[in-house]
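Dear colleague,

Please find below the structure I promised to pass on, together with its sequence. My notes on what I found follow underneath, and I would be glad if you read them with the model open beside you.

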Amino acid sequence: MSTPAEQLKAFLQSVPYIRFLGMTAELAGDEMTAILPFAPHLIGNTYLPALHGGVIGAFLEMTALAQLSVVQDTPKVHKTIDVTIEYLRPGRSMTTYARADLRKVGRRIANVTVEAWQEAKDSPIAALRGHFLLSGD
C-alpha cells in the first residue's frame, strides 16, 4: 500500500503528456493543487498571448485524474468517460493552478469537478465536469 504522495508521484510520472505540459502537483493532506508553469510552447493565441484551449482542457483532465490517483490506490490510470469544459476567460501567459473536487466516488465511476485559476482562485479561467471509470487492481 502506497502513501498518497507516492501515488501522486507515480501518476505524474506515468503520463507522458503531463511531462510535456510541465505539470506538477502539491499535496497538503488530502487537498491537491495542480500547477501548470507557463512555457512558450503552450501558447495557442500569440496575439494576446493566451494558452491553447487544448492545453487548458488537458490540464483540467489531468488534474482530475491526479486527484483520483491520490484516493484510489491502483497502479493503473483511470479512464475518462466524458468531460465538459467551460472556458471562462483567456488563460494568460502565466502559471495556472487547479483543484479537483471529487463529488462522488463510487465502486466503478467517479464524478469530478475541477476549477483552474491564475491570479485569484475566485476568478477561474476554466472549469471541468467529468465522469471517470475507476480502474480495478
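Strands E7 and E8 pair in the antiparallel sense, and eight bridges hold the pairing in the record of the model, which, please keep in mind, is a predicted one. Within this pair, alanine 116 has alanine 126 of E8 as its bridge partner. Strand E8 also has a partner in strand E5, residues 79–87, to which eight bridges join it, and these two strands likewise run antiparallel. One of the pairings there sets threonine 84 against arginine 129 in E8. As a reminder for looking at these strands, side chains in a regular strand alternate between the two faces of the sheet.

Between E7, which covers 109–117, and E8, which covers 126–133, runs a loop, and isoleucine 125 is found in it. Is isoleucine 125 buried or exposed? With a relative accessible area of 3%, isoleucine 125 falls under the 20% limit, and so it counts as buried. If residues up to four places away in sequence are not counted, isoleucine 125 touches Ile56, a run of residues made up of Glu86, Tyr87, Leu88, Arg89, Pro90 and Gly91, and also Thr96, Ala116, Trp117 and Gln118. Ala116, in this list of contacts, is the residue described above as the bridge partner of alanine 126. Threonine 95 lies 30 residues from isoleucine 125 along the chain, and the C-alpha atoms of the two are separated by 12 Å.

A second buried residue that I looked at is glutamine 67, which has its place in helix H3, residues 53–71. Its relative accessible area is 3%, and glutamine 67 is therefore classed as buried. Which residues does glutamine 67 contact, once its neighbours within four places in sequence are left aside? They are Asp30, Met32, Ala100 and Leu102.

Met32 leads on to the strands at residues 24–28 and 31–36, E1 and E2, which pair in the antiparallel sense over five bridges. Methionine 32, in E2, stands opposite leucine 27. The hairpin of E1 and E2 has two residues between the strands, and in this hairpin glycine 29 takes a positive phi near 70 degrees.

Another backbone detail that you may wish to look at is the peptide bond between leucine 48 and proline 49, which is cis, with omega at about -20 degrees. Proline 49 is placed in the loop between strand E3 (43–45) and strand E4 (50–51).

Turning to the protein as a whole, its secondary structure comes to three helices and eight strands, and from the N terminus on the elements follow the order α-α-β-β-β-β-α-β-β-β-β. The radius of gyration is 14 Å, close to the 14 Å that the globule rule gives for 137 residues, so the protein is as compact as a globular protein of that length. The C-alpha trace spans about 45 × 25 × 25 Å along its principal axes. Of the 137 residues, 40% are buried, and among contacts between residues at least 6 apart in sequence, 62% join residues at least 24 apart. The protein exposes about 7,500 Å², of which carbon and sulfur atoms supply 53%. Finally, there are 13 positive and 13 negative side chains, and the centres of these two sets lie 5 Å apart.

With best wishes

Note on methods. Residues are numbered from 1 along each chain as its sequence is written. This is a predicted model: local features need pLDDT of at least 70, side-chain atom pairs count only at pLDDT 80 or more; totals for chains, interfaces and linings use all residues. Side-chain values use heavy atoms; hydrogens and water are left out. Helices (H or I, at least four residues) and strands (E, at least two) are DSSP runs, numbered from the N terminus. Buried means under 20% relative accessible area, exposed over 50%, partly exposed in between (1.4 Å probe, protein chains only). Contact means heavy atoms within 4.5 Å. The radius of gyration is taken over C-alpha atoms; the globule rule is 2.2 Å times the number of residues to the power 0.38. Accessible areas come from the Shrake-Rupley method with a 1.4 Å probe; for residues, only the protein chains shown count as cover. Lys and Arg count as positive and Asp and Glu as negative; His and the chain ends are not counted. The place of a charge is taken as NZ of Lys, CZ of Arg, CG of Asp or CD of Glu. Two strands pair if DSSP finds at least two bridges between them.
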